[in-house]
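Biologist: I am new to this model and would like a close look at one part of it. Please take me through it slowly.

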Amino acid sequence: MRVLVIEDYALLRDSLVSGLQDLGYAVDATGDGNDGLWRSGEHPYDVMILDLMLPGLGGLDVLRRLRAAGNTVPVLVLTAKDSIEDRVVGLDHGADDYLVKPFAFDELAARVRALVRRRYDRDVAVIRVADVEIDTRKRSVRRGDQIVPLSAREYALLEYLANRAGHVVTRTEIWDHVYDAADEPWSNVLDVHISHLRRKLDHGRARRLIHTRRGLGYMFGEGDDE
Amino acid sequence: MRSNPISLRSRLTTAVLATVGVVLVVLAVLLYLVVRRTAWRQHDDGLRARAEAIAAIAEHDDDGYEMSLPPQPAGQLPAFVEVWTRDGSVLARTPSLGTKDLPKLDGPLGAELADTTLPDGRAGRLIALRFVPRDDARTHPVEPMLLVLAEGTEAIDDAIATAGVWFIVLGLGALAAVFGVTTWSLRRGLRPLTELADRIEQIDDRRLTTRLSTAGQPAELIVPIRKLDELLARLERAFARERQFTADVSHELRTPLAGLRTLLEVTALRPRSTTEYADAMARGLEVVAQLGALVESLLALARLDADQPALETEPVRLHDLVRECWSPYRELATSRTLRFTNDVPEHATATTDREKLRIVVTNLLANAAEYTEVGGWIAVAQLPDGGLEVADSGPPIPDDQVDRVFDRLWRGDAARTATGVHCGIGLALARAMCDRLALSLTATSTTERVAFRIAPRGDR
């Protein structure tokens, strides 16, 4: 899942990026409202974390322009103001959730997970596809009664595929949602992660779940290879 | 213990009643005296007329003097008459005298009046009349006689006493009426005051938006009400400012706190290398230092507000002071490729409080080092009037914001890039310190330069 962090306080921004990356998110970050708005138009982010007090273009203006442009990315607003009016004004401008500074990182992570679930029309934290069970809270994966150990990036890739289970997912979409701007899009890193995932998840199983649709992309779920 | 203050109404009532009471008593006494005097005069006139009427009865003929007094009408208190001839023999006397005599007042021809006690013991008044009896014979020289008439004064005493009682009753009645009217009209007249008091009583720090309108108020209250309204407006603004300040302070503290907390929590997410831990600790300490500086500035400002610290003036070498103040920012300026020049003459001195001026200059330089655009310049110079100018290459402060830079916790969000924790307390503190030093601190901004000027204040 790919997250955009717009926060002008460098220390908080860096810490958020680092923490979210540790949780397997692809994270882009900026300290500038205009830059953030531009980035949100360039990539289909799964969640945006937006500080309200920004230099240049303020957080509320970012939100207003974002929604005016028809962008439906779930937005988690960070605010240092805790009055009811301040919270209401954020929600009224199209925010999906808010957190008052200072917040617990665990809470932020839980709220980001909830926004991702909503993004993919899930209402529980556990995704089940065939005999695969993905617990998005613990970020653990089981197939049948076996735990499948995955790296952070492999997990992120699987979670995205599982969220789109039954649909063909293009390589571009995977790039947009699983990798951040720091990754090199033309490298074979995606193929490497897919093959690792296949080895860990499908190897030695009668039924394979990761299917290649040549020229289109990949599909997760029960189905046949071409 | 609470003493009951005297109300304006009772004070006015007392004053009015005392005045009216004294006037009434004086008037009543004067009137009483006039009435009594008039009554006595009329009474005496009557007495004289009756004495003359009796004297007319006496006559002189060939047989000598002769006088027969008319009988006293029955049912009346007795009057007393006694008449003497020149030789002292009694010519006539009323039977009511019995064996007693009336005082034989002697004097020239005419009448003499006096208070007396009647032979029967009653209070009375007598008239002694020397007269010449009617002479029918015209043969002998007629000698004058003395007539004394004494009558009781019960009637006139009663009348005067009654008048006195009436004066007292009417006076008391008038006083009561005045009391009633005064109380009523004072209550009515002072109603705007009591209503105002009620409205003022309802005002507390949560209801500072209340205004006491002057509409329909009496002229005397217009000025106090207007002044009160102005005071309320000032109070409301002050309270709002304090609330905003508290909110801003908590806001300024929340952002670095959020950074610190997230930094620590994220670092603790998983085991990390020693380098990563060291890095996190270094960054954490930076935040702590920023928070510390923020708290120090806030405290300095609060202390400056609360009690005025004493000034310790001495000659200060300005060039050296600027150099010392700049040294903590040299590194930051180098990293932002800012050029710094200290153009203050080596020998320039000012007699002032060194530590307070240091706080002012430090804050101006910190502001410049933080906000001047990368690659710009910062210059400190002495002004012709002896003041100091801290100028930088901008970015310019928008016209409508220039005066607001000295507001507490102002953040030039629109124009100036916040570099992490910034809190606009520095310039507010600098200005407050300048006030204390009897200096003025002003800002000017053009497209080429932003300048802060410290100058001796004209009004001192």
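Is Ala369(B) buried or exposed, and how many other C-beta atoms lie within 10 Å?

Modeller: This is a predicted model, in which local features need pLDDT of at least 70, side-chain atom pairs count only at pLDDT 80 or more, and totals for chains, interfaces and linings use all residues. Residues are numbered from 1 along each chain as its sequence is written, while chains are lettered from A and ligands numbered from 1 in the order in which they are written.

Ala369(B) is buried because 21 other C-beta atoms lie within 10 Å (buried means 20 or more, exposed 12 or fewer, partly exposed in between, with C-beta atoms placed from the backbone). Ala369(B) belongs to helix α7 of chain B, residues 354–371 (helices are DSSP runs of H or I with at least four residues, strands runs of E with at least two, numbered from the N terminus). Setting aside neighbours within four places in sequence, Ala369(B) is in contact with Tyr329(B), Leu332(B), Ala333(B), Leu338(B) and Ile378(B) (contact: C-beta atoms, placed from the backbone, within 7 Å). Of these partners, Ala333(B) is 36 residues away along the chain, yet its C-alpha atom is 5.8 Å from that of Ala369(B).

Chain A offers a sheet to look at next. Its five strands form an open sheet in the order β2-β1-β3-β4-β5, with parallel pairing (strands pair if DSSP finds at least two bridges between them). β2 (26–30) and β5 (97–100) of chain A stand at the edges with a single partner strand each, so one side of each has no neighbour in the sheet.

Terms used: Two residues are in contact if their C-beta atoms, placed from the backbone, lie within 7 Å.
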